[in-house]
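Let's walk through the charged side chains of this model together and see which of them pair up. Have the structure open as you read.

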Amino acid sequence: MITMSLSKMRYDITMPIIDGRVGVEGVTFQQRADSPMVMGDMPALRTGDFGLWDLNLGYWLNGIEAGWDFVTLPLFIKRKSVLQIIWTRSDIKSPKDMNGRRVGSRSYRTSNTIWARGLLAEHYGVDIASLTWAVQTKEHFPQHTPARIEQIDPKASLADMLMAGEIDAMITDISDGALWQR
């Protein structure tokens, strides 16, 4: 029997594992107290010493590059469109109007921002290289893109920054409850 740690991935697709309704033969899961979201420097992620974790696209690609010995499961836990989580100032009338603008996000590497960048570039003609990214979390892996990234206060409200004109757009998940509580 193998004991594997499991982060608090409280999504509808993972709850059957967390509450014990579904099991994996030969594996006992032990829930960790940490979040499945990468909000800071986590030594277990730097060394690859973890059990089952919800790693978004932006982290597991770098884990592979760093030489982590792990197996990935192609589970898309949060199945939702990212276009609905791109918020802009009212002077941005079309996606191309985002060219050269400052975009706020919790992190440059989240799956949401990766998908949004790809869709904006591929389908809407946005020059992703012209954007400046105002991000709240520090990058823990080498940056291999020519992106302009500015570190902002991790406690800053992206919504307030958008309303004040400090950023022109933001990409954030609507489930970020603290952002919307006013």
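A good place to begin is D19 and R21, whose side chains meet in a salt bridge, with N and O 2.9 Å apart. Keep in mind that the model is a predicted one. D19 has a relative accessibility of 42%, so it counts as partly exposed. R21 reaches 59% and therefore counts as exposed.

Now turn to D168, which forms a salt bridge with R101; here the closest N and O atoms are 3.5 Å apart. This contact links distant parts of the chain, as the two residues are 67 residues apart. D168 sits in the loop between α5 (158-164) and β7 (169-171), while R101 belongs to the loop between β3 (86-88) and β4 (102-105). Is D168 buried or exposed? Its relative accessibility is 17%, so D168 counts as buried, the cut-off being under 20%.

The next pair is R102 and E150, a salt bridge whose closest N and O atoms lie 2.8 Å apart. R102 is in strand β4 and E150 in strand β6 (residues 148-151), so this pair ties together parts that are 48 residues apart in sequence. R102 is partly exposed, with a relative accessible area of 23%, and E150 is partly exposed too, at 33%.

Finally, come back to R101 and D168. Salt bridges that share partners join these two residues with D91 into one network. How many salt bridges does the model have by this rule, a side-chain nitrogen of Lys or Arg within 4 Å of a carboxyl oxygen of Asp or Glu? The count comes to four.

Key
Residues numbered from 1 in each chain as written. Predicted model: local features only at pLDDT ≥ 70, side-chain atom pairs only at ≥ 80, totals over all residues. Heavy atoms only, no water. Buried < 20%, exposed > 50% of the residue type's maximum accessible area, 1.4 Å probe, protein only. Helix = DSSP H or I, 4+ residues; strand = E, 2+ residues; numbered from the N terminus.
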